[in-house]
Amino acid sequence: MISAILWIPIGALKAEPTIAEPPSKEEIQDIITTIAASTADSENEEEAGDERMNDAGGAVDEVARALNVADALGKADKLDDIALGLKELDMEHYDDEDEGVEVFSSRIGDLYYPSNDLDPYIKDKNDDDDSEELEDMIINPTDSVVVCARTEDDFSLLEVHILEDVGTSEMNMYVHHDIIIPTFSLSTAWLDCLQGREKGNFLAVGSMEPSIEIWDLDVIDVVQPCMVLGGILEKKKKGKKKSIKYKDDSHTDSVLGLAWNKALRNVLASASADKRVKIWDVATGKCESTMEHQSDKVLAVAWHHHEREILLSGSFDHTVVLRDGRMPSHPGYKWSITADVESLAWDPHTYPYFVVSLEDGTIKCFDVRTAKSESTSDLSSTFTLHAHDKVVTSVSYNVSAPNLLATGSMDKMVKL
């Protein structure tokens, strides 16, 4: 299952990605601790179930032992035959070397050659068998890159796909490398800077956990994110009660939406099932602002393409809210809609317009210039598209072709 997909800007990735250093003992211990904490609850439930089965299990064990004894007594007449066979094998002297037998020859080349140059059977000694693989690892400036979050059974990963020779008869797509992630991904956002890194190639990942993991796409075989925003500090269980302590300013539920601010490159917005929208500074790894202007799960966030302080958010409370970072005390402008919000997108060619995809299969467009000074606006949409018969899970504008909109739906179709 592919839960999220996005394009990476052409030329953003390193031409030759680096190989990650093996994790230290401390890092390995941290990973083990994290995995142990995530599975503690299920283990406790299993232990409780085992305790309930102990009484019945003890009786079953006694019966099994009795059956084994009876079976052994039935085979007692075969023990003599087994003893005779072991005596003939003489296992006590099995490892003793026979005198006069040369196990390894002293002549070089009987079993192996110290180098390929000495081996007469290798003809093209200067050819590198891995040359094709090394060539595949190089990312050309003209290659297109797609990252998708995929989950198969309980195994989740990020796949970096390379699309080469676009527009030619030799166009080809392959997986360049992948990154194993610990949980099911719900949202992603690409960004090009991070704490201590003025320029880079990073992917923020939101999941069922309250944390946001940021991974370096220029590193192969990486086992840990380079930054984690928020998350769980510790879990405790007292009897049937569970208590969770979160990191300062963390979300407390799944992270459902992410949006990177291209104008303010250190700014990342997140939407969560905890009904909050948070603004993060990835240069410091801290939360700069928390907004609680919606009354149900927040599914999507989107920064304006030209007005860098303006942010949209959409929720299950059947509203879309516009907030301006220059007016933090203002409650924002709110549009009421008829169904749960699934995704949002600003029109990159006509800046006052945005579209929202809904659970009922429709796409609605709104003009922000119609918003009034009050906090709510019940104005009708600019247009409505009955795009699909089921939930419209995603919507995206083509930045090169005005008025071209793509939609994806649970009806297993993509429409333009």
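# Close-up views of a predicted model

**View 1. A look at the cysteines, starting with Cys226.** Cys226 comes out as partly exposed, because its relative accessibility is 41%. Keep in mind here, and in every view below, that this is a predicted model. Cys365 is another story: with a relative accessibility of 2%, this residue counts as buried. How many disulfides does the count come to? It comes to zero. For anyone new to the term, a disulfide is a covalent bond between the sulfur atoms of two cysteines.

**View 2. The whole protein, before zooming in.** The protein is 416 residues long, and 36% of them count as buried. Its strands number 28, and there are three helices to go with them. Now take the contacts between residues at least 6 apart in sequence: 44% of these join residues at least 24 apart.

**View 3. Ser185 and the residues around it.** Ser185 belongs to strand β6, which covers residues 185–191. Is this serine buried or exposed? Its relative accessibility is just 1%, so Ser185 counts as buried. Which residues does Ser185 touch, once its neighbours within four places in sequence are set aside? The contacts are Ser3, Ala149, Val205, Gly206 and Ser207.

**View 4. Two tryptophans, Trp190 and Trp260, meeting edge-to-face.** A pair of aromatic rings is described by the distance of the centres and the angle of the planes. The structure has five such aromatic pairs. In the one formed by Trp190 and Trp260, the ring centres are 5.5 Å apart and the planes stand at 90° to each other, an edge-to-face arrangement. This pair links distant parts of the chain: Trp190 sits in strand β6 and Trp260 in strand β13 (residues 255–260), 70 residues apart. Trp190 has a relative accessible area of 12%, so this residue is buried. Trp260, at 13% relative accessibility, counts as buried too.

**View 5. Trp346 and Phe354, another aromatic pair.** Here the ring centres of Trp346 and Phe354 are 5.6 Å apart. Their planes make an angle of 65°, which is why the pair is called edge-to-face. Trp346 counts as buried because its relative accessibility is 4%, and Phe354 counts as buried at 0%. Pull back a little and there's a cluster to see: ring pairs link Trp335, Trp346, Phe354 and Phe366.

**View 6. The open sheet β13-β14-β15-β16.** Four strands line up in that order, with antiparallel pairing. Which strands are at the edges? They are β13 and β16 (286–291), and each of these pairs on one side only. On average, neighbouring strands in this sheet are turned by 25° against each other, direction ignored. Zoom in on β15 (residues 277–281) and β16, and you'll find five bridges between them, in the antiparallel sense. As one example, Trp280 has Cys287 in β16 as its bridge partner.

**View 7. A further open sheet, β21-β22-β23-β25.** This sheet also has four strands, listed in order, and the pairing is antiparallel. The edge strands are β21 (341–346) and β25 (383–386); each has a single partner strand, so one side of each is left without a neighbour in the sheet. The average turn between neighbouring strands is 20° here, direction ignored. Strands β21 and β22 (residues 353–358) run antiparallel and are joined by five bridges. One residue to pick out is Val341, whose bridge partner in β22 is Leu358.

**View 8. Asp153 and Asn403, two loop residues with a positive phi.** Most residues other than glycine have a negative phi. Asp153 isn't a glycine, yet its phi is positive, at about 60°. You'll find Asp153 in the loop between β3 (144–152) and β4 (155–164). With a relative accessible area of 77%, Asp153 is exposed. Where is Asn403? Look in the loop between β26 (392–397) and β27 (405–409). Asn403 is not a glycine either, and its phi is positive at about 70°. Its relative accessible area is 65%, so Asn403 is exposed as well.

**View 9. The stretches that UniProt lists as "repeat: WD".** Under this name, an unreviewed UniProt entry gives residues 248–290 and 385–416. In the model, the span 385–416 is 47% strand and 0% helix. Its end C-alpha atoms lie 12 Å apart.

Note on methods:
Residues numbered from 1 in each chain as written. Predicted model: local features only at pLDDT ≥ 70, side-chain atom pairs only at ≥ 80, totals over all residues. Heavy atoms only, no water. Helix = DSSP H or I, 4+ residues; strand = E, 2+ residues; numbered from the N terminus. Buried < 20%, exposed > 50% of the residue type's maximum accessible area, 1.4 Å probe, protein only. Contact = heavy atoms within 4.5 Å. Disulfide = S-S within 2.5 Å. Phe/Tyr/Trp six-rings, centres within 6.5 Å; stacked < 30°, edge-to-face > 60°. UniProt positions renumbered as here; feature names shortened; annotations may be inferred. Pairing = 2+ DSSP bridges. Axes fitted to C-alpha atoms, helices over the stretch in contact; angles between N-to-C directions.
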